[in-house]
Amino acid sequence: MAGKQKILVVEDESSIASFISAILEANGFEAMTAHGGREAYSAITSHCPDAVILDLGLPDMDGMKIIRAVREWSTLPIVVVSARTHERDKVEALDAGADDYITKPFGTSELMARIRTALRHTHTSGGVAGGDSGTFRTGELTVDYDKRRVFVSGEDAHLTQNEYKIVSLLSKFAGRVLTYDVIIRELWGPGAGGDNQILRVNMANIRRKIEKNPAAPEYIFTEVGVGYRMREGN
Amino acid sequence: MNMRKKGEKPFRFSWRDLGVTIAILAAVSGIALLLWNFDGSDVFAPMLFVTAVFLIARYTDGYLYGVIGAAVSVVAVNFIFTYPYFAFNFTLSGYPITFISLFVTSVMTSTMTTRIKNQEKLRLEAEKEKTRANLLRAVSHDLRTPLTSIMGTATALIENGDKFTREQETRLLTESRDDAEWLLRMVENLLSVTRINGEGASLREEEEAAEEIVGEAVMKFHKRFPSSEVAVSVPEELLMIPMDAILIEQVIINLLENAVIHGGREDGISLSLTRSGDRALFTVEDHGKGIPENRLPRLFEGTLPGEDSDGSDSSRNMGIGLAVCHTIVKAHGGEMTAENKKEGGARVAFALPLEKRSI
């Protein structure tokens, strides 16, 4: 790829901004920093970064506002950084159009994984990796979009229609978190709303069919209070 | 602090108390009318209304309803139930005596009831305050050590950085990172406790799939202790538990970390989720050193670390961690137990109710 990819770090604490920039630069990215919402928004419009790392607790402008404003005209990948005290905000941020989130404190590898996944998803058409044909593989798990079946170590997992839909949806966004609301809307339509009990029950059944130990999942991870994330493809 | 505001407002209005007052008065009037129609005598009417006033004062907060009850009773007894019927009688024996006796009954009962209720509140508050003070003392004592070591390392590297070998530097920095991680966990624990004890704060309980919380907790634990081995088991049946997921996850992680840090072994740890009646039981077992017998009785109280004779670094955290776990579990209406297994190692378990509690 010609030139380094530019990442904008929006963070009001300068010590945190500087260590995130250091990690990014050590991993071959070009890092820019902005300390407030207004500065961030003008940097996004004038410098056109390839991705944004956005802290939700900004002093001057609500991070949520930036996400909504950017989403009006761009699919620019946004990874939200949240602290433990903003647990509920991250769900709102994801539903407002953020691509993923990472919770403080995070390690280098975690941060880089999130950014690479977010960058990859926008570089494939429509933000979806793989269309409605072909296969997705991660570990011993194979999702066959043509046959509409899921195989574990070559064996058919015998998923029901809904279970297959959930797994295939997660696999198309592998590596990225999908909120309960997004999954429910995708499966049962926009009217389904609110109750994610059915989804939990479906997920429990899926885990009993595809995981060796449903309490130590290898393929589909829970993000407590947020949603589910499938392991990255091979 | 806020209980004082609540408990000592003698004339606070509440719909519940008004309802209780009306119900008791209506019931007593009904009985009196029934008896009166039955045999025409009126001697029991004042007695019935004294009982009514007593009951009102006992089952409502403050003085207001007792006094209202007394006033209504005086009118009712005087107007309806004493000769001349359905007319007021302002003779000495008819009016003031009944009124005074009813009034005294109401005020005395209200005073005693209020005092008992306040004492109970004070006692609970004092207990909470004690736990909080213990925790604070233990924590501030504990925070000093890692902070000192981080500062020392940073200063050493800034001032004499060129004199260290690459390995020494890595070792120092790794220790600093571990210390910082420990500090962060401690602060998270404290945040959880303030979330429970905080003014007006309550748990954000939602139905959660217990196995998902267990899975997530184990995954986070593995991030911190990559070489540890935990055998996890969950039942075939999906257990949905009303809980604050973040807090329960923290309890599980704390227990697993204790197993490694204080048990002294990274293998042979097991975490199981089972159903026992209307409760879900989470059990963490290890094959480590076990819990010192002298600490068992007061394990959940957040006792001061450093009371141990060895005074080693590994003794920190356990007191606070377990006290926090205990507080969280109790706030969920659950129970927590800790014991040493006969075959060696410790077993810490907590049970959470499967059904939402009605409060």
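## Helix α2 of chain B and its partner α4

The buried residues of α2(B) are B:T21, B:I24, B:L25, B:V28 and B:A32, where buried means that 20 or more other C-beta atoms, placed from the backbone, lie within 10 Å of a residue's own. This is a predicted model, in which local features need pLDDT of at least 70, side-chain atom pairs count only at pLDDT 80 or more, and totals for chains, interfaces and linings use all residues. Residues are numbered from 1 along each chain as its sequence is written, while chains are lettered from A and ligands numbered from 1 in the order in which they are written.

Those buried residues pack against α3 (44-59) and α4 of chain B. Helices are DSSP runs of H or I with at least four residues, numbered from the N terminus.

The axes of α2(B) and α4(B), lines fitted to C-alpha atoms over the stretch in contact, come within 11 Å and cross at roughly 20°. That makes the two helices roughly parallel, a term for angles under 35 degrees.

The residues that meet between these helices, with C-beta atoms within 7 Å, are listed by helix.

| Helix | Range | Residues in the contact |
|---|---|---|
| α2(B) | residues 15-39 | B:D17, B:T21, B:L25, B:S29, B:A32, B:W36 |
| α4(B) | residues 64-81 | B:Y65, B:I68, B:G69, B:V72, B:A76, B:F81 |

The contact residues of α2(B) and α4(B) comprise eight nonpolar, three polar and one charged.

Across chain B there are nine helices and seven strands, strands being E runs of at least two residues. Of its 359 residues, 32% count as buried.

Definitions and conventions
Axes are lines fitted to C-alpha atoms, for helices over the stretch in contact, and angles run from 0 to 180 degrees between N-to-C directions. Angles under 35 degrees count as roughly parallel, over 145 as roughly antiparallel, 65 to 115 as roughly perpendicular and the rest as oblique. Two residues are in contact if their C-beta atoms, placed from the backbone, lie within 7 Å. Ala, Val, Leu, Ile, Met, Phe, Trp, Tyr, Cys and Pro count as nonpolar, Asp, Glu, Lys and Arg as charged, and the others, Gly among them, as polar. A residue is buried if 20 or more other C-beta atoms lie within 10 Å of its own, exposed if 12 or fewer, and partly exposed in between; C-beta atoms are placed from the backbone.
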